[in-house]
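Here's a walk through one protein fold, taken from the overall layout down to a handful of individual residues. Keep the structure open beside you as you read.

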Amino acid sequence: MSDPRDYPAEFDRIEAAVDAGQTDLRALGFWRLLAKVKADPVLAHHWAEQAGRIDRKVFEARALVRVPVWFGNGVLLVGTLAGAVAVAIALRTESETLAGLALVFAALDWSATFHIPAHWLVGRAVGMRFLAYYLRDLMPPFPGLKIDYATYLRIAPETRAWMHASGAIASKIAPLLALAFWPASDAPGWAAWAIAGYEVLIIGTDVFISTRTSDWKRFRREMRIARIQAANP
């Protein structure tokens, strides 16, 4: 598989297996093949269409629930607006307890609703497309945004890296944005400490979990590919 002359047969074998009903791309060797293809920008562009087609077929076969991108973005926008309403309540209410609860709600709400739209905004800005929102798991329901892998492969790896990082960064900025309204509200000190504690918690989650399983792992992977490409012009 290290010889590019073998790649046509490998891609055809994997696509035929997917068409026959196999959906475990790791077991089929798809991701190992892609790692080699991504190391060379010429090969990445050449194989983007077929790789994207294979990835899309598996996604459509495995996704339990999926909805259009515009619908998912709309739902998250409504969620973001709910956080804005909570901040408005915190600034106007005479109840310290209500103000504190409203700010904490805004911090949690924005941390959740900023994440995926940040991926979408950055991805679209650099030329990526997205297929659908979907549920990764039913219990608990956790949404994901599926990338059109063909457009993903055509983008420079360092740009792909920052697309992955954008969601993690946005979700960390969100609680700080809510906290910025605390001095202007009548919210008690515990609200500020709760938001600050949540910020520390999610940063810790990024450091100890995301670098191994999520956005920062993908960031590191794509930056590593960028270094490989730079070392082999």
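Let's begin with the parts list: the secondary structure here comes to 11 helices and 3 strands. Keep in mind that you're looking at a predicted model. Going along the sequence, the elements come in the order α-α-α-α-β-α-α-α-β-β-α-α-α-α. The C-alpha trace spans about 70 × 40 × 30 Å along its principal axes.

Now for some overall numbers. The protein has 233 residues, and 44% of them count as buried. Its accessible surface comes to about 12,600 Å², with 64% of that belonging to carbon and sulfur atoms. As for charge, there are 26 positive and 22 negative side chains, and the centres of these two sets lie 5 Å apart. If you take the contacts between residues at least 6 apart in sequence, 69% of them join residues at least 24 apart.

Helix H3 is a good place to zoom in. It runs over residues 30–38, and its buried residues are Phe30, Leu33, Leu34, Val37 and Lys38. Where do they sit around the axis of H3? They cover an arc of only 130°, which puts them on the same side of H3. The spacing makes sense once you recall a bit of helix geometry. An α-helix has 3.6 residues a turn, so residues three or four places apart point the same way.

What covers the buried residues of H3? The cover includes helix H1 (7–19), helix H2 (25–28) and helix H4 (41–62), along with helix H8 (149–153), helix H9 (157–179) and helix H11 (215–231).

Helix H11 gives us the next stop, since glutamate 222 has its place there. Is glutamate 222 buried or exposed? Glutamate 222 has a relative accessible area of 0%, so it counts as buried. Leaving out residues up to four places away in sequence, glutamate 222 touches Lys38, Tyr152, Pro157, Arg160, Ala161 and His164. Lys38 should ring a bell, as it is among the buried residues of H3. Phe30 is also on that H3 list, and the C-alpha atoms of glutamate 222 and phenylalanine 30 are 17 Å apart in space, with their positions 192 residues apart in sequence.

Next up is helix H4, another part of the cover over H3. Glycine 52 lies in H4, and at 6% relative accessibility it falls under the 20% cut-off, so it counts as buried. Beyond residues up to four places away in sequence, glycine 52 touches Tyr149 and Ala150. Glycine 52 is also 111 residues from methionine 163 in sequence, and their C-alpha atoms are 18 Å apart.

A second glycine, glycine 72, lies in helix H5, which covers residues 69–92. Glycine 72 is buried too, with a relative accessible area of 8%. Setting aside neighbours within four places in sequence, glycine 72 is in contact with Val67 and Tyr133. From glycine 72 to aspartate 12 is 60 residues along the sequence and 33 Å in space, C-alpha to C-alpha.

Phenylalanine 181 takes us out of the helices and into the loop between H9 and H10. How accessible is phenylalanine 181? Its relative accessible area is 28%, so it counts as partly exposed. Apart from neighbours within four places in sequence, phenylalanine 181 is in contact with Val87, Leu91, Leu103 and Trp110. The C-alpha atoms of phenylalanine 181 and alanine 88 are separated by 9.5 Å, although the two residues are 93 apart along the chain.

We'll finish with aspartate 206, which lies in helix H10, residues 189–213. Aspartate 206 has a relative accessible area of 13% and is buried. Which side chain makes a polar contact with the side chain of aspartate 206? The partner is the side chain of tryptophan 216, at 2.8 Å. With neighbours within four places in sequence left aside, aspartate 206 is in contact with Ala168, Lys172, Thr211 and Trp216.

Technical notes. Residues are numbered from 1 along each chain as its sequence is written. This is a predicted model: local features need pLDDT of at least 70, side-chain atom pairs count only at pLDDT 80 or more; totals for chains, interfaces and linings use all residues. Side-chain values use heavy atoms; hydrogens and water are left out. Helices (H or I, at least four residues) and strands (E, at least two) are DSSP runs, numbered from the N terminus. Buried means under 20% relative accessible area, exposed over 50%, partly exposed in between (1.4 Å probe, protein chains only). A polar contact is a pair of N or O atoms within 3.5 Å; within protein, one must be able to donate a hydrogen and the other to accept it, and residues adjacent in sequence count only if both atoms are side-chain atoms. Contact means heavy atoms within 4.5 Å. Accessible areas come from the Shrake-Rupley method with a 1.4 Å probe; for residues, only the protein chains shown count as cover. Lys and Arg count as positive and Asp and Glu as negative; His and the chain ends are not counted. The place of a charge is taken as NZ of Lys, CZ of Arg, CG of Asp or CD of Glu. The arc is that of the directions from the helix axis to the C-beta atoms.
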